[in-house]
Amino acid sequence: MLQRQTEQPLYQQLAGRVADDIRAGVFAAGSKVPSVRKLAGQYGVSISTVTQAYAWLEDQGWISARPQSGYFVRSHVSSAEQQIPPLSAGDKPCAVTKAEFINGMLAKINRPAMINLGAAIPRPDWLPQRVLQTHIQKVSRFHSAEVFDYLFSPGLEELRNQVAVRMRDVNVRCQADDIVITHGCAEALALCLRAVTNPGDLIAVESPCYYGFLQTADMLGLKIIEIPTDPQQGMSVDALQLALQQWPVKVIQVSSRYSNPTGCSMPVEQQKKLMALASQYQVPVIEDDVYGETGYPVARGQAQSPASVLKTYDQDGLVLYCSSFSKTVSAGLRVGWCIPGRWYRQVTERQTFTTFSAASLSQYAMLSYLQNGHYDRHLRQFRVRAANSMQRFIHAIRQYFPPGTRVSEPAGGFILWVCLPEGVSAMDLHYEAAQRSVIIIPGDVFSNTEHFSNYIRINTAITWSEDVEDAIKILAQLVKRQQQKYSGSVGA
């Protein structure tokens with residue numbers, strides 16, 4: 001029910017409610033809003049009030065009428081969005097924790113009206129959906145007893161064998177009995193972190209660091225020291241050595257290839273130095289290699305990406321290696337794995353008494369897909385597509401964003417780390433862009449410091465289109481607007 005307020009007519013209150021729903025994505029662009037009669041019943045107002053409200057929304061550019069069909073959300077509501085009031089203080093990140101902010105942000109990503117430049121998830125047309133459907137149907141038919149039954153840690157042996165074979169590509173010699181199948185890379189990282197730490201322990205991480213790992217560490221009651229990280233060559237081994245000398249670091253977390261969010265890769269010599277340091281101090285290393293198989297084809301004149309990982313140089317079982325097929329095959333199947341080295345027993349025990357293992361259907365479907373040789377062919381196409389898309393995004397950012405903007409140039413993966421000009425708030429940009437149906441991730445969530453408040457991460461695993469280019473232009477305009485405000489305040 002709407003309450004009558006003397007300062008605002010009833011029809012404008014109702015119009016405001018509908019506009020809020022459109023802005024939040026409840027009614028996506030092109031979708032039909034409730035009929036006049038239905039809305040009148042929902043809010044307990046007259047048909048005349050609803051008619052006035054819809055007429056006001058139509059005048060403001062939110063909806064359009066279609067004869068004999070009703071009212072529909074307009075595909076482009078820029079004229080109305082220009083009149084959107086600034087966000088209230090309650091919507092600012094200071095009112096919520098980072099975990100709450102991340103949950104709210106992820107909840108918006110799958111809304112059809114949103115252009116997802118935030119979460120690092122390839123668009124469905126990038127992934128082998130039809131082929132996977134065939135394999136899911138196949139294993140459901142011919143292995144029904146197995147796929148509808150439990151699988152326990154460490155997971156399906158034949159699938160672990162397939163992973164062991166793939167690890168040969170980075171010269172990691174392992175057997176099926178060294179591998180644990182997990183519910184995506186997220187579970188792999190969490191299991192490994194739990195296996196090597198206790199609440200109150202200190203862990204060393206890259207800075208910036210994947211926000212999911214930071215939140216997991218926080219939930220486990222761990223303390224974090226952030227190690228300076230070069231945007232091209234990864235974690236500073238010299239800075240890590242100083243930290244190990246001064247602090248009781250219990251574990252090192254790092255990505256050696258296409259780190260999230262910087263996209264950096266550690267040269268082979270840096271990998272060897274880090275492992276020598278870990279061996280000297282006997283500190284376990286959790287290696288996140290979820291983007292490892294997404295390296296771009298090497299063109300003439302380009303440097304070769306490292307064909308090794310930290311696990312390659314692990315002589316003491318200190319590396320707990322984590323990865324998954326989520327970024328290249330299917331996020332929804334949730335099939336990942338870890339090679340936990342000397343902590344194999346602790347990882348399997350923790351998995352047994354929490355999730356048992358990844359879903360049986362997912363493991364059998366992934367095994368069938370790998371056995372038929374589809375994956376390597378798909379990877380070759382995926383890498384070329386990712387490289388081309390990355391260049392389109394980099395070119396557009398350099399074309400439309402203001403001077404002073406800096407952007408990473410990764411050799412793999414599909415995420416860009418963008419440094420915005422001085423005075424631009426990435427968190428404000430996130431909220432302003434969301435109002436225009438564009439999702440980005442602000443750099444604030446990748447650190448417990450304030451060092452990345454003018455950085456954003458952009459997902460490039462999305463087919464380039466006019467809508468995507470418009471989204472980049474919108475971001476550029478918002479950045480310029482913030483920059484102008486900052487320049488004016490400094491000049492004053």
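Leaving aside its neighbours within four places in sequence, which residues is Gln-282 in contact with? The legends below take up this question and then turn to Asn-459, in a model that is predicted.

**View 1. Gln-282 and its contacts from elsewhere in the chain.** Welcome to the first stop: once neighbours within four places in sequence are set aside, Gln-282 is in contact with Asp-316, Leu-318 and Arg-342. To find Gln-282, look in the loop between α12 (268-281) and β9 (285-288).

**View 2. The side chain of Gln-282 and its surroundings.** Here the side chain of Gln-282 reaches the backbone oxygen of Ser-279, at 2.9 Å. Is Gln-282 buried or exposed? Its relative accessible area is 40%, so Gln-282 counts as partly exposed. For a sense of scale, the C-alpha atoms of Gln-282 and Leu-106 are separated by 37 Å, and these two residues lie 176 residues apart along the chain.

**View 3. Asn-459 in strand β16.** Now we move to Asn-459, which has its place in strand β16, made up of residues 455-459. Asn-459 has a relative accessibility of 1%, and therefore it counts as buried, the cut-off for buried being under 20%.

**View 4. The residues around Asn-459.** Which backbone oxygens does the side chain of Asn-459 reach? One belongs to Ala-119, at 3.3 Å, and another to Ile-121, at 3.4 Å. Both Ala-119 and Ile-121 also appear among the residues that Asn-459 touches, not counting those up to four places away in sequence. That list further includes Asn-116, Leu-117, Gly-118 and Ala-120, along with Phe-393, Phe-414 and Ile-415.

Key
Residues numbered from 1 in each chain as written. Predicted model: local features only at pLDDT ≥ 70, side-chain atom pairs only at ≥ 80, totals over all residues. Heavy atoms only, no water. Helix = DSSP H or I, 4+ residues; strand = E, 2+ residues; numbered from the N terminus. Buried < 20%, exposed > 50% of the residue type's maximum accessible area, 1.4 Å probe, protein only. Polar contact = N/O pair within 3.5 Å; in protein donor to acceptor, adjacent residues only side chain to side chain. Contact = heavy atoms within 4.5 Å.
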